[in-house]
Amino acid sequence: MANAVLKIPVLSSIITSTAVKCSKSSFSSSLLHIYGRHICNCSSAASVSERQPQIRSPQLVALEYADLTIPHIVCEELGALRVRQHVNPLSASLSIPVEVPNWEDVFEDPKLPLVVDIGSGSGRFLMWLAKKNPGSKNYMGLEIRKKLVTRAEKWVKELALSNIHFLFANASISFKQLISTYPGPLMLVSILCPDPHFKKRHHKRRVLQKPLVDAIVDGLMPGGQVFIQSDVLEVAIDMRRMVEE
């Protein structure tokens, strides 16, 4: 495998009110179309050489976000951050709607077009976008792993970003309420590499279900977009089917 390039293929769909585009490609090329570059923990390219040690996924992610200049990966208050990779969104603890924030406290200009990333993970993807687009868009990340949200908010303060906010929230429960109170238009919703929940009995735990699809479609501005992507073909097809039905 000397000098080989490893890539994980993904299926991407960009859905608007007028067209549906779907292409099977590497994550780098698909996100390049909409964001200008690729950022995703679950799909990266790495050169493998006999002379050099293999670069692991966390290192690739760190390189990808290097221009964020986050002072440290481990925040002092949280210590070494470990979180569960798989969370049951149907659990009772995640069934309570999140409190709607005061949008004027959250964003410097709450009337700007809003981009929402459902399942924002570490949040560095949105932070990179927010840093590149100050004064033109607001960004909100929804994540059901509280430690990740706490750390992301600390990073936002360190970067002094006023156009981004993270919420510990179950999108299936809270999305509609949050968006209905936002003063500006919803221009884009992204769901990138969600938990696949492979077992058939766990498919009901997948993030994109009909009620959430309806809430997204109802909340989007005219010409707004939904960007869905997975490195699991079955999941990508299932998400696209949900949106198109």
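Five nonpolar, no polar and three charged residues make up the lining of the second largest cavity. That is a good place to start a tour of this model, which is predicted.

**Empty space inside**

How does one look for such a hollow? Rolling a probe the size of a water molecule over the atoms shows where empty space is left. A search of the whole structure turns up two cavities of 30 Å³ or more. The second largest cavity holds about 40 Å³ of space. Which residues line the second largest cavity? They are P194, D195, R206, V207, L208, V235, D238 and M239. Try picking them out in the 3D view.

**The chain as a whole**

Now step back to the whole chain. It has eight helices and nine strands. Of its 245 residues, 46% count as buried. The accessible surface of the chain comes to about 13,100 Å², and 54% of that belongs to carbon and sulfur atoms. What about contacts along the sequence? Taking contacts between residues at least 6 apart in sequence, 77% join residues at least 24 apart.

**A cluster of rings**

Next, look for the aromatic side chains. Rings are paired here if their centres lie within 6.5 Å, and by this rule the count comes to three aromatic pairs. In one of them, the rings of W103 and F107 have centres 6.1 Å apart and planes at 0°, so this pair is stacked. Both W103 and F107 are buried.

F107 also pairs with Y182: the ring centres are 6.1 Å apart and the planes stand at 90°, so the pair is edge-to-face. Where do these two residues sit in the chain? F107 lies in the loop between helix 3 (103-106) and strand 5 (114-118), while Y182 lies in the loop between helix 6 (171-181) and strand 8 (186-192), so the pair ties together parts that are 75 residues apart in sequence. Together, W103, F107 and Y182 form one aromatic cluster.

Is F107 buried or exposed? Its relative accessibility is 1%, so F107 counts as buried. Y182, at 6% relative accessibility, counts as buried too.

**A helix on the inside**

Helix 4 (residues 124-132) has seven of its nine residues buried, so this helix is largely enclosed by the rest of the structure. The buried residues of helix 4 are R124, F125, L126, M127, W128, L129 and A130. A general point helps when you view any α-helix: there are 3.6 residues a turn, so residues three or four places apart point the same way.

**Two residues with positive phi**

Finally, here are two residues to find in the backbone. A160 has a positive phi although it is not a glycine, and C193, also a residue other than glycine, has a positive value as well. The table sets them side by side.

| Residue | Phi | Place | Relative accessibility |
|---|---|---|---|
| A160 | about 55° | loop between helix 5 (146-159) and strand 7 (164-168) | 66% |
| C193 | near 50° | loop between strand 8 and helix 7 (210-219) | 18% |

Which of the two words, buried or exposed, fits each residue? A160 is exposed, with a relative accessible area of 66%. C193, at 18%, counts as buried, because buried means under 20% relative accessible area.

Definitions and conventions:
Residues are numbered from 1 along each chain as its sequence is written. This is a predicted model: local features need pLDDT of at least 70, side-chain atom pairs count only at pLDDT 80 or more; totals for chains, interfaces and linings use all residues. Side-chain values use heavy atoms; hydrogens and water are left out. Rings of Phe, Tyr and Trp (its six-membered ring) pair if their centres lie within 6.5 Å; planes under 30 degrees apart count as stacked, over 60 as edge-to-face and the rest as tilted. Buried means under 20% relative accessible area, exposed over 50%, partly exposed in between (1.4 Å probe, protein chains only). Helices (H or I, at least four residues) and strands (E, at least two) are DSSP runs, numbered from the N terminus. On a 1 Å grid over the protein atoms alone, a cavity is a set of points where a 1.4 Å probe fits but cannot get out, and a pocket is an open set with protein on both sides within 12 Å along at least five of seven lines; lining residues have an atom within 4 Å of a point. Grid points are joined across faces, edges and corners, and a volume is the space filled by probe spheres set on the points. Ala, Val, Leu, Ile, Met, Phe, Trp, Tyr, Cys and Pro count as nonpolar, Asp, Glu, Lys and Arg as charged, and the others, Gly among them, as polar. Contact means heavy atoms within 4.5 Å. Accessible areas come from the Shrake-Rupley method with a 1.4 Å probe; for residues, only the protein chains shown count as cover.
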